[in-house]
Amino acid sequence: EKLYTEAMNQIHHKWGILLDLYAGTGTIGILLARHFDRVYSVEIVEDASRDGQKNAQKNGIANINFICNKAEVFAQEFLDRGGKADTIVIDPPRDGIHPSTLPNILSFGAREIIYVSCNPATLARDLEVLVGKSRDEKTLDLPQYKITDVTPVDMFPHTHHIEIVV
């Protein structure tokens, strides 16, 4: 009975705050929302944020906020207001994470970062900073992460394009 109770507590445990950066229509944040107390879905394209909000409302997801802003601006403002993040999902465009966003992402000290990439070159560049191999004065003393899983996903068969989840 004790093991059952512990297992049920883990199943129903919420994992705090999720930041979904470069979120598009917020699909990832919406899908993960039931596991978190609060989700912040950040996307610069206003129509995408609006569509995500409609999708969340239609599906009864009430713990997600859609923010139409640049990821680098949101991350800095969120940190300045004392915002915390337990998990961060990053799904940037082909150019990768904006360089000014990386120190802020590290400053959150999140338990985990999930990086979804459509460009292996910018993924490698950004991961070097996240794992501490390539640091500058802004990121030198910030937390480092280790890569625990890399999953390539062939979303576009018969093309050279591939998605990678790290």
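Here is a quick tour of two pockets, some aromatic pairs and a pair of strands. Keep in mind that the structure is a predicted model. The largest pocket has a volume of about 310 Å³, and the second largest comes in at about 150 Å³. Beyond the pockets, a search of the whole structure turns up 5 aromatic pairs, and strands β2 and β3 run parallel.

**The largest pocket**

- Start with the lining, which is made up of 15 residues.
- If you want to find the centre of this pocket, look for I113, K146, I147, T148 and V166, the lining residues that lie nearest to it.
- Strand β5 (112–117) and helix α6 (120–130) each supply at least two residues of the lining.
- The largest share comes from β5, which gives 4 residues.
- Sorted by class, the lining of the largest pocket has 10 nonpolar, 4 charged and 1 polar residues.

**The second largest pocket**

- The residues that line this one are Y22, V42, E43, I44, N69, K70, A71, E72, D91, P92 and P93.
- Two elements give two or more residues to that lining, namely β2 (38–43) and α4 (71–80).
- By class, the lining of the second largest pocket divides into 6 nonpolar, 4 charged and 1 polar.

**Aromatic pairs**

- Among the 5 aromatic pairs is the one between W15 and F36: the ring centres are 5.7 Å apart and the planes stand at 80 degrees, which is over the 60 degrees needed, so the pair counts as edge-to-face.
- W15 sits in the loop between α1 (2–12) and β1 (17–21), while F36 sits in the loop between α2 (27–32) and β2, so their pairing ties together parts that are 21 residues apart in sequence.
- The two partners can also be told apart by exposure: W15 is partly exposed, at 36% relative accessibility, whereas F36 is buried, with a relative accessible area of 2%.
- Elsewhere, ring pairs link Y40, F74, F78 and F108 into a cluster.

**Strands β2 and β3**

- Strand β2 is joined to strand β3 (residues 64–68) by 5 bridges, and the two run parallel.
- Y40, one of the residues in the aromatic cluster, stands opposite N65 in β3.
- To get from β2 to β3, the chain passes through helix α3 (residues 46–58), and this β-α-β crossover is right-handed.
- You have already met β2 above, as one of the elements that give two or more residues to the lining of the second largest pocket.

Technical notes: Residues numbered from 1 in each chain as written. Predicted model: local features only at pLDDT ≥ 70, side-chain atom pairs only at ≥ 80, totals over all residues. Heavy atoms only, no water. 1 Å grid on protein atoms, 1.4 Å probe; cavity = no way out; pocket = protein on both sides within 12 Å on 5 of 7 lines; lining within 4 Å. Points joined across faces, edges and corners; volume = space filled by probe spheres on them. Nonpolar A, V, L, I, M, F, W, Y, C, P; charged D, E, K, R; others polar. Phe/Tyr/Trp six-rings, centres within 6.5 Å; stacked < 30°, edge-to-face > 60°. Buried < 20%, exposed > 50% of the residue type's maximum accessible area, 1.4 Å probe, protein only. Pairing = 2+ DSSP bridges. Right-handed = clockwise from strand over helix to strand, strands pointing away.
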